[in-house]
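Have your viewer ready and a selection box open. We will go from the whole chain to a few pairs of side chains, one stop at a time.

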Amino acid sequence: MPLFIVETTCSLIGWLFLYVLLCFFNTDRDNEWNCRLVTLFHGILIVCLTAYIGFIAGPWPLTHPGTENTSLQILALVLSLGYFLFDMAWCVYFRTEGLVMLAHHTMSILGILLALGLGESGIETCGVLFGSEITNPLLQARWFLKRVGRYDSLAGDVVDLLFIVLFASVRIGVGSGMLYCELISPKPSLIVKICGVAIYTLSWIFMIDIGRFACRKTRAKYRRWKEQRKLDDANGHADKVK
């Protein structure tokens with residue numbers, strides 16, 4: 001049995017244990033709240049780990065795609081694979097996510113399995129994990145703000161703005177450059193390049209949905225601003241009459 005299967009099993013058990021622990025001690029919150037705490041922890045952990053791998057430990061993913069996996073890269077991949085397996089099972093069991101998110105999890109699992117199975121392309125896979133998880137804490141913060149009734153506030157607007165900017169600049173902007181480097185390099189295997197194109201395409205599907213959301217929210221806020229201005233003008237006119 002390949003070692004990464006044993007390591008992935010341990011990772012899956014670890015994420016499941018963390019979830020059970022949160023459910024046990026955080027009984028005043030429901031299952032989704034505790035699952036999203038696990039998701040938040042994974043996002044922060046993987047962003048920090050993959051940032052260290054890409055920016056400090058190396059090699060640079062834009063110039064060295066298709067290189068042999070290092071032990072640190074394998075650690076990041078195994079941790080994420082265990083998490084995605086846990087979260088995929090949770091989402092399917094509780095039926096909380098749609099087809100697009102399930103497709104994202106499926107492609108993430110297959111991409112990580114591919115890198116681990118081939119023993120190469122770990123650096124660009126870690127780069128993809130960094131780009132996909134860097135917006136995750138903001139996504140969870142948005143959900144938590146909604147649950148506590150604080151989303152329609154300045155904090156909610158700031159979270160949404162940061163999420164949109166980060167998603168567009170990192171997953172689309174930097175992601176485009178990474179995909180280009182992946183495709184022109186002779187080192188990565190064809191199946192890895194196909195997987196990269198699939199994940200990049202999914203990012204654009206998310207980007208289109210995010211753009212539509214941004215337009216809807218901007219129009220709604222503009223309408224509310226106009227209505228409030230009309231109300232203020234009417235109140236000011238009434239005060240003058242008195």
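## A first stop at Asp-157

Asp-157 is partly exposed, with a relative accessible area of 25%. Keep in mind as you select this residue that the model is predicted. Now add Lys-221 to the selection: its side chain meets that of Asp-157 in a salt bridge, 3.2 Å from N to O. The two belong to distant parts of the chain, since Asp-157 sits in helix H7 and Lys-221 in helix H8 (residues 190–241), 64 residues apart. Lys-221 is partly exposed as well, with a relative accessible area of 33%.

Next, widen the selection to Arg-142, Asp-160 and Lys-217. Together with Asp-157 and Lys-221, these residues are linked in a network of salt bridges.

## Zooming out

Show the whole chain as a cartoon. How many helices and strands does the protein chain have? The secondary structure comes to 8 helices and 0 strands, so reading from the N terminus gives α-α-α-α-α-α-α-α. Along the principal axes, the C-alpha atoms fill a box of roughly 85 × 45 × 35 Å.

Try colouring by accessibility here: buried residues make up 41% of the 242 residues in the chain. If you draw a contact map, look away from the diagonal. Among contacts between residues at least 6 apart in sequence, 77% join residues at least 24 apart.

## Where H6 meets H7

Select residues 136–147 for helix H6 and 154–184 for helix H7; the two pack at an angle of about 155°, and their axes are 9 Å apart. Because angles over 145 degrees count as roughly antiparallel, H6 is roughly antiparallel to H7. Their crossing is left-handed.

Which residues make the contact? On the H6 side, show Leu-138, Leu-139, Ala-141, Arg-142 and Leu-145. On the H7 side, show Ala-155, Gly-156, Val-159, Asp-160, Leu-162, Phe-163 and Leu-166. Coloured by type, the residues of this contact divide into 9 nonpolar, 1 polar and 2 charged. You have met Arg-142 and Asp-160 already, as members of the salt-bridge network.

## A bridge from H2 to a loop

The count for the model comes to 8 salt bridges. For another of these, select Arg-36 and Glu-97, whose closest N and O atoms are 3.9 Å apart. Arg-36 lies in helix H2 (residues 31–57), while Glu-97 is in the loop between helix H3 (71–94) and helix H4 (99–118), so the pair ties together parts that are 61 residues apart in sequence.

Are the two partners buried or exposed? Arg-36 is buried, with a relative accessible area of 15%, whereas Glu-97 is partly exposed at 29%.

## Last stop, within H8

Finish by selecting Arg-212 and Asp-209, whose side chains meet in a salt bridge (4.0 Å, N to O). Both lie in helix H8, 3 residues apart, which is about one turn of the helix. Switch on the surface to see how each is placed: Arg-212 counts as exposed at 52% relative accessibility, and Asp-209 counts as partly exposed at 37%.

Conventions. Residues numbered from 1 in each chain as written. Predicted model: local features only at pLDDT ≥ 70, side-chain atom pairs only at ≥ 80, totals over all residues. Heavy atoms only, no water. Axes fitted to C-alpha atoms, helices over the stretch in contact; angles between N-to-C directions. Helix = DSSP H or I, 4+ residues; strand = E, 2+ residues; numbered from the N terminus. Parallel < 35°, antiparallel > 145°, perpendicular 65-115°, else oblique. Left-handed = near helix turned anticlockwise from the far one by under 90°. Contact = heavy atoms within 4.5 Å. Nonpolar A, V, L, I, M, F, W, Y, C, P; charged D, E, K, R; others polar. Buried < 20%, exposed > 50% of the residue type's maximum accessible area, 1.4 Å probe, protein only.
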